Amino acid sequence: MIPWEKIDTAKIPGSDEELRLMRRGKEFSIKLGTNELMNNRLSGSEAALATLAAKQIETVAKPVVLIGGLGMGFTLRAALTVLGSKAKIVVSELVPAVVAWARGPMAQVFGDSLDDVRVSIRETDVGEIIRAQRSAFDAILLDVDNGPEGLTRKGNDALYNASGLKAAKTALRTGGVLAVWSSGPNPAFTKRLGSAGFEVNEVNIRATGRGGGARHVIWLARKS
């Protein structure tokens with residue numbers, strides 16, 4: 001068995017917590033304490049975040065999409081595959097080191113996705129982008145934590161509370177969709193989405209995208 005090697009660490013802005021990038025052969029893992037936040041061998045549900053959201057806006061000729069959280073790029077690469085050549089994708093990543101990892105030790109994992117002309121990377125809090133916009137996006141995809149309850153950073157809770165959902169709805173165009181990834185169910189969040197005026201569909205999906213493995217949750221909340 002090849003042992004895990006620590007490649008780098010990075011402080012999370014606004015938190016005392018630290019991310020660790022680990023490598024074992026061709027396998028990468030990003031960890032927070034004892035929690036594994038992501039692994040390049042388990043990309044199915046994060047990719048589904050993009051494909052399911054794209055299906056909701058397939059009639060839009062020139063979709064503008066905001067992705068909160070670069071991570072290992074699963075959602076971004078899936079979005080590039082399913083969205084047309086006229087799409088615009090803004091990726092917001094709070095931790096600058098994560099972008100550096102994507103261009104450095106994980107460059108093979110990311111391929112040429114960061115250099116695609118449809119993509120722009122913003123090293124900032126996705127909440128700031130959302131609160132600054134009105135009717136700007138056809139889809140907002142959030143995968144900035146382990147779900148609607150902040151694990152990596154308590155400030156992430158502001159994305160998922162009543163005021164955060166109101167801001168997201170304001171930033172969406174009519175017919176737009178807020179898609180949220182979670183490692184597990186959260187009935188209180190489902191209720192908050194409905195109270196915010198969204199039409200809500202909750203989807204359970206395997207972490208691998210196939211049969212077997214852990215079940216993750218994706219909420220698709222449409223602005224009517």
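A residue counts as buried when its relative accessible area is under 20%. By that cut-off Thr 75, at 6% relative accessibility in this predicted model, is buried. Thr 75 belongs to helix α2, which runs over residues 74-82. Leaving aside residues up to four places away in sequence, Thr 75 touches Glu 46, Leu 49, Ala 50, Ile 67, Leu 141 and Asp 143.

Thr 75 also turns up in the wall of a cavity. The structure has 3 cavities of 30 Å³ or more, and the second largest holds about 70 Å³ of space. Lining this second largest cavity, along with Thr 75, are Met 38, Glu 46, Gly 69, Leu 70, Gly 71, Met 72, Gly 73, Phe 74 and Asp 143. Sorted by class, that lining comes to 4 nonpolar, 4 polar and 2 charged residues.

Next come the aromatic rings. The count is 2 aromatic pairs. Tyr 160 and Phe 189 have ring centres 5.7 Å apart and planes at 85°, so they meet edge-to-face. Tyr 160 sits in helix α6 (residues 157-160) and Phe 189 in helix α8 (residues 187-195), so this pair ties together parts 29 residues apart in sequence. Phe 189 also pairs edge-to-face with Trp 219, at 4.8 Å centre to centre and 85° between the planes. Because Trp 219 lies in strand β11 (residues 215-222) and Phe 189 in helix α8, that pair links parts 30 residues apart in sequence. Tyr 160 is buried, as are Phe 189 and Trp 219, and the three make up one aromatic cluster.

Rings also have lysines for company: the charged end of Lys 31 sits over the ring of Trp 4, 5.3 Å from its centre, and that of Lys 169 sits over the ring of Phe 198, 6.0 Å from its centre.

Definitions and conventions
Residues are numbered from 1 along each chain as its sequence is written. This is a predicted model: local features need pLDDT of at least 70, side-chain atom pairs count only at pLDDT 80 or more; totals for chains, interfaces and linings use all residues. Side-chain values use heavy atoms; hydrogens and water are left out. On a 1 Å grid over the protein atoms alone, a cavity is a set of points where a 1.4 Å probe fits but cannot get out, and a pocket is an open set with protein on both sides within 12 Å along at least five of seven lines; lining residues have an atom within 4 Å of a point. Grid points are joined across faces, edges and corners, and a volume is the space filled by probe spheres set on the points. Ala, Val, Leu, Ile, Met, Phe, Trp, Tyr, Cys and Pro count as nonpolar, Asp, Glu, Lys and Arg as charged, and the others, Gly among them, as polar. Helices (H or I, at least four residues) and strands (E, at least two) are DSSP runs, numbered from the N terminus. Buried means under 20% relative accessible area, exposed over 50%, partly exposed in between (1.4 Å probe, protein chains only). Contact means heavy atoms within 4.5 Å. Rings of Phe, Tyr and Trp (its six-membered ring) pair if their centres lie within 6.5 Å; planes under 30 degrees apart count as stacked, over 60 as edge-to-face and the rest as tilted. A charge sits over a ring if NZ of Lys or CZ of Arg is within 6 Å of the ring centre and within 35 degrees of the ring normal.
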